[in-house]
Amino acid sequence: MRVVLVGAVLLALAGGASLKELNVSQPERDVLSGRVIFSTICLRCHGIDGKGDGPMKFTPPVADLTSPAVQGKLDARLFKSVHDGKKNTAMGAWREALTDDEIWDVLAYVRTLAPEAAGGMGSGLR
Ligand code: HEC
């Protein structure tokens with residue numbers, strides 16, 4: 001009897017929760033560990049603020065990670081760019097060096113680089 005009751009309550013809860021609240025596909029990302037990865041690997045090209053003004057220059061130029069061109073892309077799209085790299089550019093594939101989790105963490109950090117107006121923090125975690 002008790003089991004039946006609990007089941008009914010669970011069903012009621014599941015029915016009431018919206019799809020957005022059931023965020024199962026995207027577990028909490030570790031922005032702090034993403035920041036460490038960014039400063040160790042990505043900063044030398046993308047620069048401390050992610051604006052593409054790091055010490056190393058390339059043609060085509062390093063992407064400005066704070067720009068709408070980058071921030072406007074979906075997470076899955078950016079994941080692919082970091083995972084597989086960008087053909088014929090200096091942006092290499094990081095799938096060997098980083099686990100999928102690490103790529104998601106560094107992308108969570110990249111999202112903090114977006115200007116405040118675009119929902120980011122402007123300059124990452126300082
Ligand atoms: C050797 C230099 C270099 C390093 C290191 C580097 N990048 Fe890039 N990255 C680039 C360049 C160049 C581009 C622009 C590619 C293009 O023209 O599409 C770019 C583009 C990007 C983009 C935009 C992709 C898109 O789809 O628009 C993201 C996001 C990005 N890098 C993230 C990272 C992250 C995260 C790291 C560290 C794991 C990293 N990059 C390391 C050079 C680098």
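In what follows, Ala, Val, Leu, Ile, Met, Phe, Trp, Tyr, Cys and Pro count as nonpolar, Asp, Glu, Lys and Arg count as charged, and the others, Gly among them, count as polar. These classes serve to describe the lining of the largest pocket, which has 21 nonpolar, 4 polar and 3 charged residues. The structure is a predicted model, and the reader may wish to keep that in mind throughout.

It helps to begin with the chain as a whole. The protein chain has 5 helices and 0 strands, and from the N terminus on its elements run α-α-α-α-α. Of the 126 residues of the chain, 30% count as buried. Among the contacts with a separation of 6 or more, those between residues 24 or more positions apart account for 45%. One example of two residues set apart along the chain is given by D75 and W104, which are 29 residues apart in sequence and whose C-alpha atoms are separated by 8.6 Å. D75 belongs to helix 4, and with a relative accessibility of 35% this residue counts as partly exposed.

The largest pocket can now be looked at in its own right. About 620 Å³ of space lies in this pocket, and of the 28 residues that line it, the closest to its centre are H46, A63, L65, K86 and M91. The elements that give two or more residues to the lining are helix 2, helix 4 and helix 5, and the largest share, 6 residues, comes from helix 2.

H46, one of the residues closest to the centre of the pocket, is itself found in helix 2. Because its relative accessibility is 10%, and buried means under 20%, H46 counts as buried. A polar atom of the H46 side chain lies 3.1 Å from the backbone oxygen of A63, and A63 is likewise among the residues named as closest to the pocket centre. If residues up to four places away in sequence are left aside, H46 touches F38, K51, G52, D53, G54, V62, A63, L65 and M91.

From here the view can move to T66, whose place is in the loop between helix 2 and helix 3, the latter spanning residues 68-71. T66 has a relative accessibility of 7% and therefore counts as buried. The side chain of T66 is joined to that of D64 by a polar contact of 2.7 Å. Again not counting residues up to four places away in sequence, T66 touches D49, G50, K51, Q71, L113 and P115; K51 appears in the list for H46 as well.

The remaining part of this account concerns charged pairs. Side chains of opposite charge can pair when their charged atoms come close. The structure holds 5 salt bridges, and one of them is formed by the side chains of R29 and D105, with a distance of 3.9 Å from N to O. This pair links distant parts of the chain, since R29 sits in the loop between helix 1 (2-16) and helix 2 (31-46), while D105 sits in helix 5 (residues 100-112), 76 residues apart. Both R29 and D105 are buried.

A second pair is found in helix 4, where the side chains of K80 and D84 meet in a salt bridge of 3.3 Å, taken from N to O. Because K80 and D84 are 4 residues apart in helix 4 (residues 75-84), they are separated by about one helical turn. With a relative accessibility of 46%, K80 counts as partly exposed, and D84, at 32%, also counts as partly exposed.

D84 takes part in a further salt bridge, in which its side chain meets that of R95 at 3.2 Å, N to O. Here D84 lies in helix 4 and R95 in the loop between helix 4 and helix 5, so the pair ties together parts that are 11 residues apart in sequence. R95, at 42% relative accessibility, counts as partly exposed. Elsewhere, salt bridges that share partners join R29, D101 and D105 into one network, which brings the reader back to the buried pair of R29 and D105.

Note on methods: Residues numbered from 1 in each chain as written. Predicted model: local features only at pLDDT ≥ 70, side-chain atom pairs only at ≥ 80, totals over all residues. Heavy atoms only, no water. Salt bridge = Lys/Arg side-chain N within 4 Å of Asp/Glu carboxyl O. Buried < 20%, exposed > 50% of the residue type's maximum accessible area, 1.4 Å probe, protein only. 1 Å grid on protein atoms, 1.4 Å probe; cavity = no way out; pocket = protein on both sides within 12 Å on 5 of 7 lines; lining within 4 Å. Points joined across faces, edges and corners; volume = space filled by probe spheres on them. Polar contact = N/O pair within 3.5 Å; in protein donor to acceptor, adjacent residues only side chain to side chain. Contact = heavy atoms within 4.5 Å.
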